[in-house]
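Trainee: Could you walk me through reading this model? Let's start with the ligand.

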Amino acid sequence: KQQAPSKPIMTSPKINKLDTEEHVADALAAYVGDLSAKSIANHGSFSVVLSGGSLIDTMRKLVQPPYVGKIDWKNWLIFWLDERVVPLDHPDSNYKLANDGFLSKVPIPKANIYPIKENLSPEKAAEEYEERLKQLVANKKLKTSAITGMAKFDLMLLGMGPDGHVASLFCWHFQRFEKKKWVTFITDSPKPPPPRITFTFPLINSASEIAMVVTGEDAADAVKVTLGEHADYGYPLPVQKVKPEGGYTWFLDKEATSLLK
Ligand SMILES: O=C(O)[C@H](O)[C@@H](O)[C@H](O)[C@H](O)COP(=O)(O)O
């Protein structure tokens with residue numbers, strides 16, 4: 001009979017099982033607002049890494065009262081966990097998605113927003129982004145993880161696809177095994193568009209806090225594999241490689257948790 005490994009695969013995350021997506025949006029705004037205040041009080045800035053997908057819409061409460069007027073936006077720094085290699089005004093751009101739905105509505109200084117550089121190949125765009133992050137660490141604008149030596153962001157906001165991918169780290173694609181690079185690239189992403197750059201797991205797991213924001217019934221199978229009773233058996237889903245050295249908090253709605261016991 002197969003025995004479950006004695007050590008759990010994941011660090012124990014805090015799991016918020018909420019009712020509807022609206023409740024997830026409320027809880028996420030309260031969590032981000034609180035972390036922003038704590039980070040800025042602690043070291044004067046709040047470095048936030050955004051995903052694409054449904055996350056930006058679920059962040060909508062932050063640009064509404066009471067949060068919008070209370071948050072110290074001028075000390076936020078914005079980065080992307082993954083980005084599609086397209087012009088920044090292209091409908092597929094994660095920068096455009098975030099700008100239209102979030103960044104254009106809050107007074108974050110433009111100099112604090114770090115989109116990818118346009119007109120580079122995926123490989124060059126990844127190298128350039130990694131270099132920029134290293135500069136920010138060297139200039140002490142970003143903290144460093146004592147464990148990995150990589151940038152230590154205050155908050156990474158992750159979504160998860162129905163296939164269990166996070167960032168642009170997919171099943172059956174080697175990028176998810178990268179150990180040295182901070183940022184890598186993919187030219188055949190199964191989720192369109194194919195050319196992307198993406199943070200690697202060592203960089204993701206160096207963060208101070210990771211929030212995993214997952215809603216809708218499409219996610220229910222991968223949520224069951226990741227958080228269900230057999231999670232310790234170790235399936236090959238990229239989401240299971242999220243094992244942060246810092247805090248880890250899930251925000252889920254009823255549909256996403258519908259297959260959990
Ligand atoms: O560029 C992207 O495609 C996203 O950054 C991606 O990694 C996203 O977070 C997941 O695919 C979940 O997307 P949903 O929240 O829309 O399911």
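Trainee: How many residues of each class are in the shell around the ligand?

Mentor: For the classes, Ala, Val, Leu, Ile, Met, Phe, Trp, Tyr, Cys and Pro count as nonpolar, Asp, Glu, Lys and Arg as charged, and the others, Gly among them, as polar. Here the shell has nine polar, four nonpolar and two charged residues. A residue is near a molecule if its C-beta atom, placed from the backbone, lies within 6 Å of it. In this case 15 residues surround the ligand, and the closest are S51, G52, G53, S54 and G159.

Trainee: Any ground rules before we go on?

Mentor: Two. Residues are numbered from 1 along each chain as its sequence is written. This is a predicted model, where local features need pLDDT of at least 70 and side-chain atom pairs count only at pLDDT 80 or more, while totals for chains, interfaces and linings use all residues.

Trainee: Which residues touch the most other members of the largest nonpolar core?

Mentor: In soluble globular proteins, nonpolar side chains tend to be buried together. A nonpolar core is a set of buried Ala, Val, Leu, Ile, Met, Phe, Trp, Tyr and Cys residues joined through C-beta atoms within 7 Å. Buried means 20 or more other C-beta atoms within 10 Å of a residue's own; exposed means 12 or fewer, and partly exposed is in between, with C-beta atoms placed from the backbone. The largest core holds 71 residues, and V49, M156, L157, L158 and V213 touch the most other members. Contact means C-beta atoms, placed from the backbone, within 7 Å. Leaving aside neighbours within four places in sequence, L158 contacts S51, L81, V166, I210, A211, M212, V213 and V242.

Trainee: What span should helix α1 have?

Mentor: Helices (H or I, at least four residues) and strands (E, at least two) are DSSP runs, numbered from the N terminus. The expected span is 1.5 Å times one less than the number of residues. With 23 residues (21-43), α1 should span 33 Å, and its end C-alpha atoms are 32 Å apart, which agrees. Its buried residues, including V24, L28 and V32, pack against elements including β2 (46-50), β7 (155-158) and β10 (209-214). After α1 comes G44, with a positive phi near 85°.

Trainee: Why does K140 count as exposed?

Mentor: Count the neighbours: K140 has 9 C-beta neighbours inside 10 Å, so K140 is exposed. K140 also has a positive phi of about 65° although it is not a glycine, and sits in the loop between α5 (122-138) and β5 (143-144).

Trainee: Which residues does a cis peptide bond join?

Mentor: P65 and P66, with omega about 0°. P66 lies in the loop between α2 and α3.

Notes. Contact = placed C-beta atoms within 7 Å.
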